[in-house]
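Work through the exercises below with the sequence and the coordinates open. Each task is followed by a solution in steps.

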Amino acid sequence: MTSEPATTTTPREAAPRPRALRLRSRLEDFVPFDTIPWEQQAEQLLRCRDGDGYMGLRPPARVEREVAALLERLELTPGDAILDLGCGPGMYSQRMAARGYAVTGIDIAAPVIEHARAEAAAAGLSCRYLAASFLSMDFTAEFDGAFLTNSTINHLSGDRLDELLRRVRRALKPGARFACELIIEPQGFHAQRPTETRQLFELPRSPWSDRPHRWLERKLSFPAAGERVVHHIIVPERGAPREYWSRFAMLAPEAFTARLARAGFALERWLEQDLRAPVNPDSELVWALARAE
Ligand SMILES: C[S@@+](CC[C@H](N)C(=O)[O-])C[C@H]1O[C@@H](n2cnc3c(N)ncnc32)[C@H](O)[C@@H]1O
């Protein structure tokens, strides 16, 4: 009798099952409103901290320069009350408070507000932070200046944009200034053809996920509708992919000026990203500086 060598049966790993990729990935299927999960992203953003900066937000040195320029452009002096709209983890608010201003930061994502509060307390700064939407804030003539960075305003259009401008105007004292960073419609945008570009990132972590993942970013433009849309497809190593739409309503400078006027603001000037140079005709990301009438 020949003895067979004992076979060791190693349990085979279950073959990976193909992932269901049920995405609304056709161009014409885009959701015409934002689906960015601010709250969920905020938690992730806080894990993507590098020194004093956060992945996806501006580096501290740039924030520092913008803070100095904003305080000048808003014509503020220490002690004045400032409203930081969509303040995120408080990179601007904190720096302004450290210079002696009375800052209120408002953000819809509770995790960044809790984080900003804790940081301010640890640094002995008296910032006020509110976890709320700027579309439901209800201040009256409380602030000497307000600002909104990072083109967050382009996520709003139509009535929601007007609503925000009215609420900011009401929050300001007469004569106070509002600095708003936004993407303006490039010249001839409406006559252009729709476009699509794609970029794939392989990341160990990002504000989308703290595990290795791929992030496919599709940038779409819909000139006839005056829209740009970014379609984010997040494919984790394990688990189902997720997708989000980030929508940017494009406004011509004249149209934004008219909306500001309807809300009770007089546009004073358009400025480059550094808030110092007057705007150059090819720039898309610019600042509008307006005065509350
Ligand atoms: C791109 S981040 C900019 C954060 C910060 N201003 C900065 O530049 O470091 C946009 C922020 O706007 C907030 N946000 C979006 N919609 C909002 C709303 N309706 N009300 C208040 N905050 C909002 C988000 O939660 C997010 O923290």
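**Exercise 1: the four-stranded sheet**

S221 has R228 in β10 as its bridge partner. The model is a predicted one, in which local features need pLDDT of at least 70 and side-chain atom pairs count only at pLDDT 80 or more, while totals for chains, interfaces and linings use all residues. Residues are numbered from 1 along each chain as its sequence is written.

Task: find the strand order of the open sheet that holds β8, β9, β10 and β11, and go through its pairings.

Solution.

Step 1. Helices (H or I, at least four residues) and strands (E, at least two) are DSSP runs, numbered from the N terminus. Two strands pair if DSSP finds at least two bridges between them.

Step 2. The order is β8-β9-β10-β11, and the pairing is antiparallel. β8 and β11 (242-249) are the edge strands with a single partner each, so one side of each has no neighbour in the sheet. From one strand to the next, the twist averages 15 degrees.

Step 3. Nine bridges connect β8 and strand β9 (residues 213-222) in the antiparallel sense; E202 is opposite R214 in β9. Between β9 and strand β10 (residues 227-236) there are 10 bridges, again antiparallel, and H213 faces P236 in β10. β10 and β11 are antiparallel, with eight bridges, and I233 lies opposite E243 in β11.

Step 4. Now take the turns. The hairpin of β9 and β10 has four residues between the strands, and G226 there takes a positive phi near 65 degrees. In the hairpin of β10 and β11, with five residues between the strands, G239 in the turn has a positive phi of about 95 degrees.

Step 5. A residue is buried if 20 or more other C-beta atoms, placed from the backbone, lie within 10 Å of its own, exposed if 12 or fewer, and partly exposed in between. Strand β8 (residues 195-203) is hardly covered, as the count of buried residues among its nine residues is zero.

**Exercise 2: the seven-stranded sheet**

Task: state the strand order of the open sheet of seven strands and check two of its pairings.

Solution.

Step 1. The order is β5-β4-β3-β6-β7-β13-β12, with mixed pairing. β5 (128-131) and β12 (265-271) are the edge strands, each pairing on one side only. The twist averages 20 degrees from one strand to the next.

Step 2. For a parallel pair, take strand β3 (residues 81-85) and β4, which share five bridges; D84 is opposite G105 in β4. β4 is mostly covered, with five of its six residues buried.

Step 3. For an antiparallel pair, take strand β7 (residues 172-183) and strand β13 (residues 285-292), joined by seven bridges. E181 is opposite W287 in β13.

Step 4. L285 is in strand β13 and counts as partly exposed, with 13 C-beta neighbours inside 10 Å. Its C-alpha atom is separated by 6.7 Å from that of Q273, 12 residues apart along the chain.

**Exercise 3: helix packing**

Task: at what angle do α2 and α3 pack, and is Q94 buried or exposed?

Solution.

Step 1. Axes are lines fitted to C-alpha atoms, for helices over the stretch in contact, and angles run from 0 to 180 degrees between N-to-C directions.

Step 2. Helix α2 (residues 60-73) and α3 pack at about 60 degrees, with their axes 10 Å apart. α2 is therefore oblique to α3: under 35 degrees counts as roughly parallel, over 145 as roughly antiparallel, 65 to 115 as roughly perpendicular and the rest as oblique.

Step 3. Q94 is in helix α3 (residues 91-98). Q94 is buried, because 23 other C-beta atoms lie within 10 Å. Q94 and S126 are 32 residues apart in sequence and 9.0 Å apart in space, C-alpha to C-alpha.

**Exercise 4: the ligand shell**

Task: how many residues surround the ligand, and which are the closest?

Solution.

Step 1. A residue is near a molecule if its C-beta atom, placed from the backbone, lies within 6 Å of it.

Step 2. 19 residues surround the ligand, and the closest are W38, G86, G88, I108 and A109.

Step 3. α1 (38-47) and β4 (102-107) each supply at least two residues of this shell.
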